[in-house]
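Got the viewer open? Let's take a short walk through this structure, one selection at a time.

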Amino acid sequence: MNLVSEGTIQKTNTYQLIAERLVGEIVQSDLSAGEFVPTEREIAERYGVGRSSVRESLRLLEAHQVIRPAPGGSYVVGSAASVLEPALQMLVALGGASLMELQQLRRLLEIEAVDKAVQNADHDDIRKLQSTVRLMIENRRDFPSALRADLEFHVTIAEASGNRALLAAVQGLHGVLRPKILGSNVDIDEAIAHHQLILGAIIARDPEEARTAIETHMDFVQAGIEQAE
């Protein structure tokens with residue numbers, strides 16, 4: 001597949017224009033995370049720009065985590081979550097939203113995710129959810145480790161929803177909210193009980209029970225964060 005389209009950038013050759021063109025080409029070519037983007041030399045030749053401008057554009061995209069370095073001086077496409085996380089962090093830093101508002105957004109998204117997971121979760125999804133609950137139980141006295149398993153449980157639900165945009169949003173929110181949750185007053189034993197109820201509802205294909213269970217859990221997490229502030 002020829003990622004870089006023909007046609008040079010005319011007049012003022014700026015790294016912003018090159019970056020915009022590259023993002024468009026990545027989208028149009030439907031490249032997945034981890035796939036290689038064009039080399040610096042190829043971009044310069046196809047767009048008719050200097051390699052210093054290309055380097056600036058690549059650095060810009062790397063800073064926004066659209067791409068990431070790969071061995072040999074090349075670049076690959078970054079993950080969707082890695083793009084959203086810094087954007088959400090910037091949103092909070094600029095006062096566009098609070099961490100609590102992001103937690104409220106997480107609540108809405110995860111309710112939708114569990115509803116879709118009830119419909120779409122397959123055997124592998126169920127097995128992975130069961131594994132993360134076991135990890136939470138095994139690490140119940142090691143909160144950071146238990147939290148990793150906890151968040152993986154929610155990511156797996158988002159994966160099982162079948163909606164990639166929803167999955168990316170959940171992952172991005174987790175990245176921003178994780179430090180806040182780590183400092184919260186969440187009771188891990190109660191959290192485990194909630195996860196077991198959510199898992200049971202997904203296995204039973206019971207959308208109402210699943211929704212009730214995830215709402216209870218999200219309210220519980222939010223209360224723990226509020227108490228720690």
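Start by selecting Val114, Ala117 and Val118 in α5, then add Ile198, Ala201 and Ile202 in α9: these two sets meet each other. Keep in mind as you look around that this is a predicted model. Colour the contact of α5 with α9 by residue class and you'll get six nonpolar residues, with no polar and no charged ones.

Now draw the two helix axes. Those of α5 and α9 come within 8 Å and cross at roughly 40°. Angles from 35 to 65 degrees count as oblique, and α5 and α9 are therefore oblique to each other.

Next, click on Ile198. Beyond its neighbours within four places in sequence, Ile198 is in contact with Val114, Phe153, Ile157, Ala213, Ile214 and His217.

Time to widen the view. Select Val114, Leu129, Phe153, Ile157, Ile198, Ile202 and Ile214: out of the 25 residues in the largest nonpolar core, these touch the most other members. To see where that core comes from, show α5 (99–120), α6 (123–138), α7 (143–161), α8 (164–182), α9 (188–203) and α10 (207–228), each of which gives two or more residues to it. There's also a second, separate core of 20 residues; Ala97, Leu147, Ala191 and Val221 are among them.

Last stop: the strands. Select residues 67–70 for β1 and 74–77 for β2, which run antiparallel and are joined by four bridges. Pick Arg68, and you'll find its bridge partner in β2 is Val76. Together β1 and β2 form a hairpin with three residues between them. In the turn, click Gly72, which has a positive phi of about 85°.

Definitions and conventions:
Residues are numbered from 1 along each chain as its sequence is written. This is a predicted model: local features need pLDDT of at least 70, side-chain atom pairs count only at pLDDT 80 or more; totals for chains, interfaces and linings use all residues. Side-chain values use heavy atoms; hydrogens and water are left out. A nonpolar core is a set of buried Ala, Val, Leu, Ile, Met, Phe, Trp, Tyr and Cys residues joined through side-chain atoms within 4.5 Å. Buried means under 20% relative accessible area, exposed over 50%, partly exposed in between (1.4 Å probe, protein chains only). Contact means heavy atoms within 4.5 Å. Axes are lines fitted to C-alpha atoms, for helices over the stretch in contact, and angles run from 0 to 180 degrees between N-to-C directions. Angles under 35 degrees count as roughly parallel, over 145 as roughly antiparallel, 65 to 115 as roughly perpendicular and the rest as oblique. Ala, Val, Leu, Ile, Met, Phe, Trp, Tyr, Cys and Pro count as nonpolar, Asp, Glu, Lys and Arg as charged, and the others, Gly among them, as polar. Two strands pair if DSSP finds at least two bridges between them.
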